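Visitor: Could you take one part of this model and walk me through it closely? I'd like the helix packing, with the cut-offs spelled out as you go.

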Amino acid sequence: MKIKTFVPAEYIEQVMEMSKDVFTKDEELEFLKSCLFYLKEGVTAQQAIEMSMVDYLVDM
């Protein structure tokens, strides 16, 4: 049985707004995937953005 996690739409909107016109398409996709992973773990949108940004910078 899989556990479903609710992610508020506002969080997803914040993440998408932040990443708009910042990255290339491929970078944006990876950044959004990373943010969604963290959001599924139960963090806030701001925390997900910050942790995903660290992931992005480490992978550069």
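Guide: Here is a close look at helix α2 and what surrounds it. This is a predicted model, in which local features need pLDDT of at least 70, side-chain atom pairs count only at pLDDT 80 or more, and totals for chains, interfaces and linings use all residues. Residues are numbered from 1 along each chain as its sequence is written, and side-chain values use heavy atoms, with hydrogens and water left out.

Let's begin with the helix and its partner α3. Helix α2 covers residues 25–40 and helix α3 covers residues 45–59; helices here are DSSP runs (H or I, at least four residues), numbered from the N terminus. Two packed helices are described by the angle between their axes and the distance between the axes. For α2 and α3 the angle is about 130 degrees and the axes are 8 Å apart. The axes are lines fitted to C-alpha atoms over the stretch in contact, and angles run from 0 to 180 degrees between N-to-C directions. That value makes α2 oblique to α3 (under 35 degrees counts as roughly parallel, over 145 as roughly antiparallel, 65 to 115 as roughly perpendicular, and the rest as oblique). The α2 and α3 crossing is right-handed, meaning that the near helix is turned clockwise from the far one by less than a right angle; anticlockwise would be left-handed.

Who touches whom? On the α2 side the contact uses E27, F31, S34, C35, Y38 and L39, and on the α3 side A45, A48, I49, M51, S52, M53, D55 and Y56, where contact means heavy atoms within 4.5 Å. Sorted by class, the α2 and α3 contact holds 10 nonpolar, 2 polar and 2 charged residues. For the sorting, Ala, Val, Leu, Ile, Met, Phe, Trp, Tyr, Cys and Pro are nonpolar, Asp, Glu, Lys and Arg are charged, and the others, Gly among them, are polar.

Now zoom in on S52, which sits in helix α3. S52 is buried, at a relative accessible area of 1% (buried is under 20%, exposed over 50%, partly exposed in between, with a 1.4 Å probe and protein chains only). Setting aside neighbours within four places in sequence, S52 touches F31, S34, C35 and Y38.

F31 is worth a stop of its own. F31 belongs to helix α2 and counts as buried at 2% relative accessibility. Again leaving out neighbours within four places in sequence, F31 is in contact with M18, S19, F23, I49, S52 and M53. F31 and M51 are 20 residues apart along the chain, with their C-alpha atoms separated by 10.0 Å.

Turning to α1, this helix packs against α2 at about 155 degrees, with the axes 10 Å apart. That makes α1 roughly antiparallel to α2, and α1 passes α2 in a right-handed crossing. Y11, I12, V15, M16, M18 and S19 of α1 make the contact with E28, F31, L32, C35, L36 and L39 of α2. The class count for α1 with α2 is 10 nonpolar, 1 polar and 1 charged.

α1 also meets α3: their axes come within 9 Å and cross at roughly 40 degrees. That makes α1 oblique to α3, and the crossing of α1 and α3 is right-handed. Here Y11, Q14, V15 and M18 from α1 meet A45, I49 and M53 from α3. By class, the α1 and α3 contact has 6 nonpolar, 1 polar and no charged residues.

Back on α2, there's a charge pair. Side chains of opposite charge can pair when their charged atoms come close. The rule for a salt bridge is a side-chain nitrogen of Lys or Arg within 4 Å of a carboxyl oxygen of Asp or Glu, and the count comes to 1 salt bridge. K33 forms a salt bridge with E30, with the closest N and O atoms 3.6 Å apart. Because K33 and E30 are 3 residues apart in helix α2, they are separated by about one helical turn. K33 is partly exposed at 47% relative accessibility, and E30 is partly exposed at 48%.

One last detail is D21, in the loop between α1 (9–19) and α2. D21 is exposed at 73% relative accessibility, and its phi is near 60 degrees, a positive value in a residue other than glycine.

Technical notes: Helices (H or I, at least four residues) and strands (E, at least two) are DSSP runs, numbered from the N terminus.
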